[in-house]
Structure formats: C-alpha cells, structure tokens
Amino acid sequence: MTSSEHWDYPEPFILRFTVEPQHIDVLQHVNNTVYVDWCQKAGWQHSQALGLGIEHYRELDTAMAIRRADYDYISAAYLGDELELGTWLTGCDHRLQLERSFQLRHRNRGTTLLRGRWQLVCIGLSSGKARRMPPIFCRLYGDAVIETSTVSVERARD
C-alpha cells in the first residue's frame with residue numbers, strides 16, 4: 001500500500017511514527033494523550049513547512065491558538081506499529097479562524113486509527129485576545145486550504 005492511498009483528502013502533510021514503549025499505557029495500547037501530542041507536532045511542522053514558525057509568530061506578536069479540538073479515537077495502536085499522521089488545513093475565513101484536520105493511519109494495514117479537527121483562532125501573543133490575521137497568515141495559511149467537498153470513499157465507510 002502506498003502512502004497516498006486511503007487518505008480522507010488529497011496530498012496530506014505526513015509525519016511517521018513507530019510506537020515505542022513510552023507511548024504505551026496501562027491498557028497496553030498507545031495512550032490517547034500521545035495521539036494529541038503527535039497532532040500538535042504535525043500541526044507545527046506543517047505550519048513551518050508553509051513558512052510560519054514560532055519565530056514569525058513572535059515577530060508579528062500574533063499566533064493561531066486552538067479554540068476547540070475534537071478527536072475520534074477509532075482503533076488502538078500497539079507496540080511496534082508503524083503509523084502515519086496526515087494533516088491538512090481545511091478552512092480559513094481570512095479574518096480570525098482557521099481549521100486543521102488530522103487522520104492517523106496504520107502504515108501496513110492502511111486502517112484509520114484517529115480523526116481529529118482543530119478550530120483555531122488568531123490571537124495577539126502579548127494580549128491573548130482575538131486579533132485579525134495578518135496578511136502573511138491569510139496568504140500562507142489561506143492558500144494551503146484544501147477542497148473538502150469530496151470526502152473519500154474510505155471515510156464514508158468508517
């Protein structure tokens with residue numbers, strides 16, 4: 001199975017993980033907080049790949065902060081499993097809000113283990129209050145938003 005098959009949306013930004021002992025909880029599977037941490041890493045790395053890192057946020061005194069996070073835990077991962085986490089920007093109002101989606105898959109089986117979605121809001125770093133997105137955010141994030149009107153057949157089956 002190639003890494004481009006069975007994604008919810010086309011052309012994901014992908015991080016790969018191998019489940020290690022520190023990821024395992026008392027139920028002998030990957031702890032849910034690990035999935036959340038991996039989503040955080042994927043979101044930051046995707047943002048950096050688009051050209052916006054923490055240094056840009058600090059320079060502009062502006063950031064995208066998670067306002068709401070939803071995770072659907074579909075199936076468990078176990079020690080030694082090889083996983084891939086895809087992320088996309090799936091919405092941007094070019095003012096205050098941005099949406100990011102996630103899909104975690106088992107690399108060998110191709111099955112989806114998790115889907116997630118963040119609603120982000122633009123804030124001033126120094127104030128913590130909502131602030132209009134600067135033009136560079138609108139351009140780099142807005143231009144990266146993918147078309148989500150056609151959901152894959154695999155997602156419809158889940």
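**Group meeting: cysteines, sheet and pocket**

Good morning. The structure holds 0 disulfides, and I should say at once that this is a predicted model. Let me begin with the cysteines. Cysteine 92 takes part in no disulfide, and the cysteine sulfur nearest to its own, that of cysteine 138, lies 5.8 Å away. For cysteine 122, the closest cysteine sulfur is also in cysteine 138, at 8.1 Å, which is too far for a bond. A disulfide here requires two cysteine sulfur atoms within 2.5 Å. Cysteine 122 has 0% relative accessibility and therefore counts as buried.

I turn now to the sheet. Five strands form an open sheet in the order S1-S3-S4-S5-S2, with antiparallel pairing. Strand S1, residues 13-18, and S2 stand at the edges; each has a single partner strand, so one side of each is left without a neighbour in the sheet. On average, neighbouring strands are turned by 25° against each other, direction ignored. Within the sheet, S4 and S5 pair in the antiparallel sense over 9 bridges. Phenylalanine 102, for instance, has glycine 116 in S5 as its bridge partner.

Finally, the largest pocket. This pocket encloses about 190 Å³ of space. It is lined by 14 residues, of which Trp44, Tyr57, Met64, Trp118 and Leu120 are the closest to its centre. Helix H1 (32-50) and the strands S2 (62-73), S4 (97-106) and S5 (112-124) each give two or more residues to the lining. Which element gives the most? That is H1, with 4 residues. By character, the lining divides into 10 nonpolar residues, 3 polar and 1 charged.

Thank you for your attention.

Definitions and conventions
Residues are numbered from 1 along each chain as its sequence is written. This is a predicted model: local features need pLDDT of at least 70, side-chain atom pairs count only at pLDDT 80 or more; totals for chains, interfaces and linings use all residues. Side-chain values use heavy atoms; hydrogens and water are left out. On a 1 Å grid over the protein atoms alone, a cavity is a set of points where a 1.4 Å probe fits but cannot get out, and a pocket is an open set with protein on both sides within 12 Å along at least five of seven lines; lining residues have an atom within 4 Å of a point. Grid points are joined across faces, edges and corners, and a volume is the space filled by probe spheres set on the points. Ala, Val, Leu, Ile, Met, Phe, Trp, Tyr, Cys and Pro count as nonpolar, Asp, Glu, Lys and Arg as charged, and the others, Gly among them, as polar. Buried means under 20% relative accessible area, exposed over 50%, partly exposed in between (1.4 Å probe, protein chains only). Two strands pair if DSSP finds at least two bridges between them. Axes are lines fitted to C-alpha atoms, for helices over the stretch in contact, and angles run from 0 to 180 degrees between N-to-C directions.
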